[in-house]
Amino acid sequence: MAPIIVPANQPEKRFYAGGARISAFRSDPPCSSHQPEDWVASTSCCFGTAGIGYSRLPDGTLLTDTVAAEPEKWLGAEHLAKYGADTKLLVKLLDAGQRLPVHAHPHVNWSKKHLGRNHGKAEAWYILTPGSVWLGLKDSIDEKELLELVEGKRGTELLHRMHKFDVVPHQTLYVPPGTLHAIGEGIMVVEVQEPEDLSILCEWEGFDIDGKKDGHLGLGFPTALTAVDTKGRTREEAEKWVTSDQVSKSVCAAESTEYFRLERIHVEGSSSTERGLAILVVLEGNVSLATASSKPLRLPKGSTVVIPHEDGELRLQGEADVLIARPPQ
């Protein structure tokens, strides 16, 4: 096997605007106005669809089918023994052409109970462009009040009750399951997450979605909102979810490693990193990627690559900044 360059995979007609920054980052032709997410090396699909979001490899096969056919080669024996033929990973490029609505994603235990899913949706954002984001409540909110705000279409009021962070490139924000959050207009991120598309909307005015119909995962808001963490946190507690300017084995809050790992490598000459299923994103510069079983692969800025476990240690050469996302240990 060998590392595989994966092209843009941007589902169309999403409910919020964006996508131009992804096209520019990849040096691709312009996309439409509502393709704000690029699902990189995806074995997951958009909630409620018949496969929208799955990644196809250059030979036309679905990545999910390829992994299922040769799981040990892709994932490794230890991963396979612990998690089965499940990549445990989804990476996206996300371009917020407008502020995203206040929303939350469920914990895996809630997801299993109410939806029969094997994952929740913990996520983290590696910031590529500056702006503002909202993350977590300042003060606790009563579940009844939250339901009244959402059903009364007053969810925007939650923004003023959340911690606002002005973010800059190379910061990473971890979003624990259940945490209310919103990404501000103009921000582009590399997002690493559990491989699900499960969102509970607390507002939807101004977005191309019928929130009363599609904002609660088909469960109704009285049930869906029980997935939301209604606990307030101090500023100091919320700041623990934010890490800054790191070039290290982990650029994300320590508690995130239960769900995924994210590493940033600044390549000056040559560098190497461990074997294992990985999704690599070239943030800046140009780099050559080689493994024990493959010839060097030239990768300019904006390239995205999926690397099977079987390939062994990754060797990088050039002048570049790269992100490498991996499943939990």
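**Briefing: charged side chains, helix faces and backbone angles**

Lysine 144 is found in helix α6 and is exposed, with a relative accessible area of 58%. The model described here is a predicted one. Aspartate 197 is separated from lysine 144 by 53 residues in sequence and by 26 Å in space, taken from C-alpha to C-alpha. The structure holds 18 salt bridges, and several of them are set out below together with a charged surface patch, the two sides of a helix and two backbone angles.

**Salt bridges**

- Arginine 21 pairs with aspartate 95 in a salt bridge whose closest N and O atoms are 2.7 Å apart. Because arginine 21 belongs to helix α1 and aspartate 95 to strand β3 (residues 90-95), this pair ties together parts that lie 74 residues apart in sequence.
- The two partners are covered to unlike degrees: arginine 21 is partly exposed at a relative accessible area of 34%, whereas aspartate 95, at 1% relative accessibility, counts as buried.
- Lysine 153 forms a salt bridge with glutamate 205, with 3.8 Å between the closest N and O atoms. The pair links distant parts of the chain, 52 residues apart, since lysine 153 sits in the loop between α6 and β7 (162-167) and glutamate 205 in the loop between β11 (200-201) and α7 (211-214).
- Lysine 153 is partly exposed at 45% relative accessibility, and glutamate 205 is likewise partly exposed, at 47%.
- Within helix α9 (residues 235-239), glutamate 239 and arginine 235 are four residues apart, about one turn of the helix, and they form a salt bridge with closest N and O atoms 3.5 Å apart.
- A network of salt bridges links Arg14, Glu37, Lys92 and Asp197.

**Negative patch**

- Asp142, Glu143, Glu148 and Glu151 form a negative surface patch. One of these residues, glutamate 148, is found in helix α6 (residues 143-151) and is partly exposed, with a relative accessible area of 44%.

**The two sides of helix α5**

- Val108, Trp110 and Ser111 are the buried residues of helix α5 (residues 108-115). They cover an arc of only 155 degrees around the axis, and therefore lie on the same side of α5.
- The exposed residues Asn109 and Lys113 are carried on the face of α5 turned away from its buried side.

**Positive phi angles outside glycine**

- Lysine 13, in the loop between β1 (4-5) and α1 (20-26), has a positive phi near 55 degrees although it is not a glycine; at 75% relative accessibility, lysine 13 counts as exposed.
- Serine 27, in the loop between α1 and β2 (37-40), has a positive phi near 60 degrees, again in a residue other than glycine, and is exposed with a relative accessible area of 65%.

How values were computed. Residues numbered from 1 in each chain as written. Predicted model: local features only at pLDDT ≥ 70, side-chain atom pairs only at ≥ 80, totals over all residues. Heavy atoms only, no water. Patch = residues over 30% accessible without salt bridge, like charges linked within 9 Å, V, L, I, M, F, W, Y side chains within 5 Å. Areas by Shrake-Rupley, 256 points an atom, 1.4 Å probe, with all protein chains shown as cover. Salt bridge = Lys/Arg side-chain N within 4 Å of Asp/Glu carboxyl O. Lys, Arg positive; Asp, Glu negative; His and termini not counted. Charge placed at Lys NZ, Arg CZ, Asp CG, Glu CD. Buried < 20%, exposed > 50% of the residue type's maximum accessible area, 1.4 Å probe, protein only. Arc of directions from axis to C-beta.
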